[in-house]
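Me: I'm new to reading protein structures. Could you go through this one with me, one question at a time?

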Amino acid sequence: MNTQRQSRLLSLPAELQQAIYVLCIPDRIHICLQQGKLQWFTCALAVSDEEYLDGSERNPGEGAQSEPLWARRLASSWGSHWNCEEIAYTRPHGGGDPLLSLLLVCKEMFFGIKDAISGNTIVALTDLETLGFLAKRSKETQTHNRDQNFSIMPNLLPRVVELNITLWLPLANLRSLEEQENSSLATESTNMWQQLHSMLACFKHLQMLHLWLDHDDPCFWHTMNERAILSTFISERAPDCKISLSLPKLHPWYEDPHRHYLNDADLPATVHLQRRMRQWHFGRNDAQGLPVLEFKADFPILLGLPDMEGFDKKRTEAIERGMWESGEDVERTMMRWSGIVCEYTDI
Ligand SMILES: [Zn+2]
């Protein structure tokens, strides 16, 4: 017997209820492990175009605590989702998310919203440990055939069609992936990377994977061997779903077709490559635990000139690329003009 006949929402036809739920749910939710438990909440990423973000957008501005806070934001392992990390660790324990409140209204809304999320919401992950945990839980659920009717994760994961993985990994981990034959460098994290394709099997209906990758060191991205790090995963995954690959921009002088992907033609047809400017500002704690801010400008460095403020960034990048390709040392020119030091030869 339906005990909720007085609810106008629940009295509507199922299709209308679904249409309303789709309007209420977020475009993207995070899933992460906190103290060994899976948590999920609405993604707060506001910037859709992150092609030219250098880290200054994370500066909280003037104030006594601004420097430590900026340093912490710059060092966020959640990369472009640094703001979501702050929300995740400051929200009220076990709640505070409007989506969770909706799910807890009643059993009927739980199932309706769960269905709406499955096909319309992007799931965002920011570490491999959470993905490993989800893969393990998924296997256990299948093996033991547990009744998971009121658990959101086992119901949601197999039906997710779009997944966003943001990985801001320690530099040493990516270096060890470049040298996979050297097993002494393998860590738990690098082993998980090598299992990335198999772990994604818990998303049975995945159609689109967004993979955002970087390392946590000021060291220039062009020193990385992208092909050694990514080629195995791409060849395993690309036949099953589309991949949008977001990597830092390469310096024109150091592009190497044997180490780097130069354009989509270097990749399977289902993979689309996007390049974004790498952050110029970095944060860390020194030996005394005090926050330290570091600055290291990367291509396109002309964007750092005060005179270029207000210029079209894409056009400025194209101009700089042309300067490098014609043999002009733009770094030296920049140092003459502004004193900005980039040290492109420093590995
Ligand atoms: Zn987010």
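Here are some questions and answers about this predicted model.

Me: Let's start with the whole chain. How many helices and strands are there?
Reply: The protein chain has 347 residues, and buried ones make up 28% of them. As for the pieces it is built from, the count comes to 14 helices and 9 strands.

Me: What share of the contacts with a separation of 6 or more is between residues 24 or more positions apart?
Reply: Here we skip the pairs that sit close in sequence and keep contacts with a separation of 6 or more. Within that set, residues 24 or more positions apart account for 73%.

Me: Now helix α13. How far apart are its end C-alpha atoms, and does that agree with what we expect or disagree?
Reply: Helix α13 runs over residues 313-325, which makes 13 residues. The expected span is 1.5 Å times one less than that number. That gives 18 Å, and the end C-alpha atoms agree with it, being apart by 18 Å.

Me: Which residues of α13 are buried, and how wide an arc do they fall within?
Reply: The buried ones are Glu317, Glu320 and Trp324. An α-helix has 3.6 residues a turn, so residues three or four places apart point the same way. Looking down the axis of α13, you see the buried residues line one face, because they fall within an arc of 65 degrees.

Me: Which exposed residues are on the face of α13 turned away from that side?
Reply: Go round to the face turned away from the buried side of α13. The exposed residues there are Arg315, Ala318, Gly322 and Glu325.

Me: How do helices α2 and α6 cross: parallel, perpendicular or oblique?
Reply: Two packed helices are described by the angle between their axes and the distance between the axes. For α2 (residues 14-24) and α6 (residues 107-120), the axes come within 9 Å and cross at roughly 60 degrees. Roughly perpendicular would need 65 to 115 degrees, and roughly parallel would need an angle under 35. So α2 is, relative to α6, oblique.

Me: Which residues of α2 and α6 make the contact?
Reply: On the α6 side, the contact uses Gly112, Ile113, Asp115, Ala116 and Asn120. On the α2 side, the residues are Gln17, Gln18, Tyr21 and Val22.

Me: Where is His197, and what does it touch beyond four places away in sequence?
Reply: His197 belongs to helix α11 (residues 196-199). His197 and Phe233 are 36 residues apart in sequence, yet their C-alpha atoms are 6.3 Å apart in space. Leaving out residues up to four places away, His197 touches Phe233, Glu236 and Arg237.

Me: Is Gly132 buried, exposed or partly exposed?
Reply: Gly132 sits in helix α7 (residues 128-144). Buried needs 20 or more other C-beta atoms within 10 Å, and exposed means 12 or fewer. Gly132 has 18, so it is partly exposed.

Me: Which peptide bond is cis, and what is its omega?
Reply: Most residues other than glycine have a negative phi, and most peptide bonds are trans. The bond to look at leads into Pro300, in the loop between β9 (291-295) and α13. From Phe299 to Pro300 the peptide bond is cis, with omega near 5 degrees.

Me: And what is the phi of Gln35?
Reply: Gln35 lies in the loop between β1 (28-34) and β2 (37-42). It counts as exposed, because it has 5 C-beta neighbours inside 10 Å. Although Gln35 is not a glycine, its phi is positive, at about 55 degrees.

Conventions. Residues are numbered from 1 along each chain as its sequence is written. This is a predicted model: local features need pLDDT of at least 70, side-chain atom pairs count only at pLDDT 80 or more; totals for chains, interfaces and linings use all residues. Helices (H or I, at least four residues) and strands (E, at least two) are DSSP runs, numbered from the N terminus. The arc is that of the directions from the helix axis to the C-beta atoms. Axes are lines fitted to C-alpha atoms, for helices over the stretch in contact, and angles run from 0 to 180 degrees between N-to-C directions. Angles under 35 degrees count as roughly parallel, over 145 as roughly antiparallel, 65 to 115 as roughly perpendicular and the rest as oblique. Two residues are in contact if their C-beta atoms, placed from the backbone, lie within 7 Å.
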